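Student: I've got a model open and I'd like to go through it with you. Can we take it one question at a time?

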Amino acid sequence: MLLTALISSLTIIFSLTPGYGCVEIIGGHDVPSHSRPYMASIQVNRKHNCGGALIKPAWVLTAAHCADGKAKLNSVVLGIDSLRENTKAKQVFKIKKEFPHRSFDRNTKENDIMLLQLDRAVDINKFVYILRLPKRYSDLKAGTHCTVAGWGITKQNSKTPSNRLKEVNITIVDRGTCNDKDHYNDKPKVTANMLCAGDKNGNDACEGDSGGPLICNNKYSGITSFGEGCGNAKYPGIYTALTNKYLDWIKEITAPISQPDY
């Protein structure tokens, strides 16, 4: 009861990994201290690999391609703004099991979504908190203002993630525009399961930001997935949209009675 009350009182309405295109925070700024308590750093041997969002006390939502690397994901860190932070707010968890979407396609980038089950429930507090999923999905119109956050690299050609959690403002771009010959040219095709978002100045997310949440109209709307180059206005970032089929899939996987091996 106490945990439920705390979650209710605090509820917030609101990738790319190396070798998977570019998703880093370009043109962004540091987030206010502990203002994104749902943000997760998914790590390999204590090094940041991808972002994610805490959606239930023992579940983190991220991108499926984050598990594509040679090294196995092995920990999730919550409650931090800085990757070097070592305070009482920091909570570290082992990954009990990975649930990449069974239909994830590495070539088309379709179904780039994954759930991570933690080895135990988190301690919900003002530093570690759940990002509420939408009840149902409504497609976003071109021009919708969004934000994306992460610890990804902040300069092109850099290999070092940002120590500080950063975010950037971006805008939804029409899929037809994203797919035309002046942009992605259907290689790969931006589908109805994806959102295209960027900025005329090239503000963007990139390497190390994969899996992080896209927030639009103060709602959790998508997952950082892929891009082409970094900070290039011609190639806006592509995000897995939290469509109804994915919301139903999340409910199925995280149901307390059974967890199918997807």
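Student: Is Val 31 buried or exposed?
Tutor: This is a predicted model, so we go by its computed areas. Val 31 sits in the loop between β1 (29-30) and β2. The cut-off for buried is under 20% relative accessible area, and Val 31 comes in at 5%, so the word is buried.

Student: Which residue is 9.2 Å from Val 31, C-alpha to C-alpha?
Tutor: Don't look along the chain next door, since the partner is 137 residues apart from Val 31 in sequence. Leaving out residues up to four places away, Val 31 touches Arg 164, Leu 165, Lys 166 and Glu 167, among others. The residue at 9.2 Å is Val 168.

Student: Which side chain does Glu 167 join in a polar contact?
Tutor: Glu 167 is part of strand β9 (residues 166-173). Glu 167 has a relative accessible area of 7%, so it's buried. The polar contact is 2.8 Å long, side chain to side chain, and the partner is Arg 36.

Student: Where is Ser 225, and how far in space is it from Lys 109?
Tutor: Ser 225 belongs to strand β12. With 1% relative accessibility, Ser 225 counts as buried. Ser 225 and Lys 109 are 116 residues apart in sequence, but C-alpha to C-alpha the distance is 7.9 Å.

Student: How many residues does α3 give to the largest nonpolar core?
Tutor: That core has 49 residues, and Leu 54, Leu 61, Val 76, Leu 115 and Tyr 220 touch the most other members. Elements giving two or more residues include β3 (47-56), β7 (114-118), β12 and α3 (244-254). The largest share is the one from α3, and it is five residues.

Student: Is the pair of Trp 59 and Phe 99 stacked, tilted or edge-to-face?
Tutor: The structure holds three aromatic pairs, and this one has its rings 5.6 Å apart, centre to centre. Planes under 30 degrees apart would be stacked and over 60 edge-to-face. Here the angle is 50°, so by those cut-offs the pair is tilted.

Student: Which strands does that pair tie together?
Tutor: Both rings are buried, Trp 59 with a relative accessible area of 6% and Phe 99 with 0%. The two parts are 40 residues apart in sequence. Trp 59 lies in one strand and Phe 99 in another, so the pair ties together β4 (residues 59-62) and β6 (residues 91-100).

Student: Which residue joins Tyr 184 and Phe 226 in one aromatic cluster?
Tutor: Tyr 184 and Phe 226 form an edge-to-face pair, 6.1 Å centre to centre with 75° between the planes. Tyr 184 is in the loop between α2 (175-179) and β10 (194-198) while Phe 226 is in β12, so the pair ties together parts 42 residues apart in sequence. Both are buried. The third member of the cluster is Tyr 235.

Student: Which peptide bond is cis, with omega near -5°?
Tutor: Most peptide bonds are trans. For this one, go to the loop between α2 and β10, where you'll find Pro 188. The cis bond runs from Lys 187 to Pro 188.

Student: What is phi of Asn 185, and what is phi of Asn 218?
Tutor: Most residues other than glycine have a negative phi, but both of these asparagines have a positive one. Asn 185 is in the loop between α2 and β10 and is partly exposed at 36%. Asn 218 is in the loop between β11 (213-216) and β12 and is exposed at 54%. Phi is near 55° for Asn 185 and near 60° for Asn 218.

Student: Over which residues is the pLDDT below 50?
Tutor: The chain has a mean pLDDT of 84, and 79% of its residues reach 70 or more. Where pLDDT is low, the predicted coordinates shouldn't be read in detail. The stretch below 50 does have 121 contacts in the model beyond near neighbours in sequence, and it covers residues 1-27.

Student: What percentage of the protein chain's residues are buried?
Tutor: The secondary structure comes to three helices and 13 strands. The accessible surface is about 12,200 Å², with 50% of it belonging to carbon and sulfur atoms. Of the 262 residues, the buried ones make up 55%.

Note on methods: Residues numbered from 1 in each chain as written. Predicted model: local features only at pLDDT ≥ 70, side-chain atom pairs only at ≥ 80, totals over all residues. Heavy atoms only, no water. Helix = DSSP H or I, 4+ residues; strand = E, 2+ residues; numbered from the N terminus. Buried < 20%, exposed > 50% of the residue type's maximum accessible area, 1.4 Å probe, protein only. Polar contact = N/O pair within 3.5 Å; in protein donor to acceptor, adjacent residues only side chain to side chain. Phe/Tyr/Trp six-rings, centres within 6.5 Å; stacked < 30°, edge-to-face > 60°. pLDDT = per-residue confidence, 0-100. Contact = heavy atoms within 4.5 Å. Areas by Shrake-Rupley, 256 points an atom, 1.4 Å probe, with all protein chains shown as cover. Core = buried A, V, L, I, M, F, W, Y, C linked by side-chain atoms within 4.5 Å.
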